[in-house]
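Grab a pencil and let's work through some helix packing together. Each exercise comes with a solution, taken step by step.

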Amino acid sequence: MDDRIPCKNPQCANRILPATALRTEGFCMPCVNARKRQEHDAFIKKNRKTINVFDGINDPVEMLKRVHAPREPDPLIAWVPCPVPTDKLYQQLSADECLRMAGYAEELFDSGSHDLAQEICTCLAAFTEARLDNGLRKWLHDGDLDFYSALPFHRAPPDVRDELLHRIEKDDENRNVLLIALAWIGDEVVVEHFKRWREKPPSWCQTLYVPPHHYAHQAGWELTEEGRRRDLYFRRCTHLVKQVPAEPGLFRAVTEPGTHCPHCAMPLIHLFDVAPAAVGLSNDEWPGHIRILTCQCCTAYETVYAKVDSHGQPQWLEQNVRSALASENAADWIRLPVESLHLGEARLPLFAADPFLPTTFSQLGGHPAWVQDAEYPSCPECAKTMMFLAQLSYEDIDESAEGMLYGFICPTCRTTATSYQQT
Ligand SMILES: [Zn+2]
Ligand SMILES: [Zn+2]
Ligand SMILES: [Zn+2]
């Protein structure tokens with residue numbers, strides 16, 4: 001009954017219908033497709049052109065324009081990457097060059113390339129101290145408020161802030177992004193408005209999922225009970241890198257104290273071990289080292305809390321929530337290597353404040369890079385919002401890994417917390 005015949009490829013065990021064989025010269029479809037692919041790859045290899053748009057260019061502004069230039073994906077073109085990483089190029093810009101780059105973003109707004117203009121403004125806001133006044137005015141006036149990131153509004157001039165405050169009253173459609181932009185501005189006037197809106201919620205609050213002052217978390221601060229701004233991150237910020245530093249001792253990432261997780265039995269770690277001075281805290285504010293104890297498996301599922309005792313030793317807190325998933329997965333959890341990241345160069349506090357920025361994210365201090373929503377844990381003792389201390393990006397240790405581990409502290413209670421986010 002089976003009138004199928006073997007595929008002509010001697011290495012292939014497939015059998016095919018005679019009708020198929022007539023169409024394919026005797027080969028099965030997988031073999032036909034494999035040959036097509038080989039021919040295609042050979043064609044690309046033979047005809048592919050290598051293009052280096054950076055050849056002979058030394059001006060960092062010109063280099064950055066080429067880095068940001070959109071390129072149609074074309075298998076016949078191999079683009080030579082920029083010899084300098086994008087964040088490094090931005091760091092190298094002089095004050096004049098920052099102005100030129102900001103001017104270029106303004107031109108892009110004028111010519112309708114809003115996405116590109118926003119992308120460049122975000123890089124300038126994160127990696128440099130460039131003023132973005134005109135760019136932000138154009139951004140607001142072109143009406144397109146579907147933000148790539150609202151981070152650049154951190155640098156908005158008073159007239160842009162006032163226009164945001166004006167628009168928020170009537171612009172139902174964009175209220176969410178307007179509030180995020182205002183949170184990034186976060187100056188006295190914004191704080192005053194957030195306070196007023198908390199005391200007497202305007203009618204438009206009904207269109208929101210959370211009250212307006214909660215938006216402050218997205219820009220790294222909160223409104224205190226007294227109605228003042230309280231920052232949730234340290235301005236002093238240091239990149240974490242693989243190179244061993246000249247001056248060790250201020251910081252260690254991932255050490256194993258030799259104890260085990262009471263929930264999943266994995267070895268506990270000190271995710272970060274930090275001299276308080278490294279983030280600008282005095283010895284009075286935190287005596288001894290800040291040691292953040294956690295279980296790398298359990299914290300992927302639940303926030304893990306600890307408290308540093310009077311001897312400077314961190315202790316696991318009984319109220320930590322047990323995760324059934326963590327216990328299931330602990331046995332084949334890939335353990336973080338011990339002490340593979342060290343203190344690198346100082347960077348600006350917003351350097352990694354958006355997860356889409358072209359940079360590496362592991363850092364001590366500075367504003368966190370939230371992969372998901374901003375989620376600052378509350379202190380298990382005083383219930384106040386905990387401060388962000390440091391983050392470790394799995395990608396910086398292993399290119400095939402993903403996700404971010406965050407460390408938080410409450411200096412008043414000497415409690416610590418860790419959490420994890422991934423896309
Ligand atoms: Zn075959
Ligand atoms: Zn555990
Ligand atoms: Zn506390």
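**Exercise 1: α5 and α6**

The crossing of α5 and α6 is left-handed (the near helix is turned anticlockwise from the far one by less than a right angle; clockwise would be right-handed). Before we go on: this is a predicted model, where local features need pLDDT of at least 70, side-chain atom pairs count only at pLDDT 80 or more, and totals for chains, interfaces and linings use all residues. Residues are numbered from 1 along each chain as its sequence is written, with chains lettered from A and ligands numbered from 1 in the order in which they are written.

Work out how the axes of α5 and α6 are oriented to each other.

Step 1. Take the angle: the axes of α5 and helix α6 (residues 114-127) cross at roughly 155 degrees and come within 8 Å.

Step 2. α5 and α6 are therefore roughly antiparallel (angles over 145 degrees).

Step 3. Look at who meets whom: residues of α5 including M101, A105 and L108 meet residues of α6, among them A117, I120 and L124 (contact: C-beta atoms, placed from the backbone, within 7 Å).

**Exercise 2: α3 and α5**

Do it again for α3 and α5.

Step 1. Helix α3 (residues 60-68) and helix α5 (residues 95-110) pack at about 30 degrees, with axes 10 Å apart.

Step 2. α3 and α5 are therefore roughly parallel (angles under 35 degrees).

Step 3. α3 passes α5 in a right-handed crossing.

Step 4. P60, V61, L64 and K65 in α3 meet E97, R100, M101 and Y104 in α5.

Note on methods
Axes fitted to C-alpha atoms, helices over the stretch in contact; angles between N-to-C directions. Helix = DSSP H or I, 4+ residues; strand = E, 2+ residues; numbered from the N terminus. Parallel < 35°, antiparallel > 145°, perpendicular 65-115°, else oblique. Contact = placed C-beta atoms within 7 Å.
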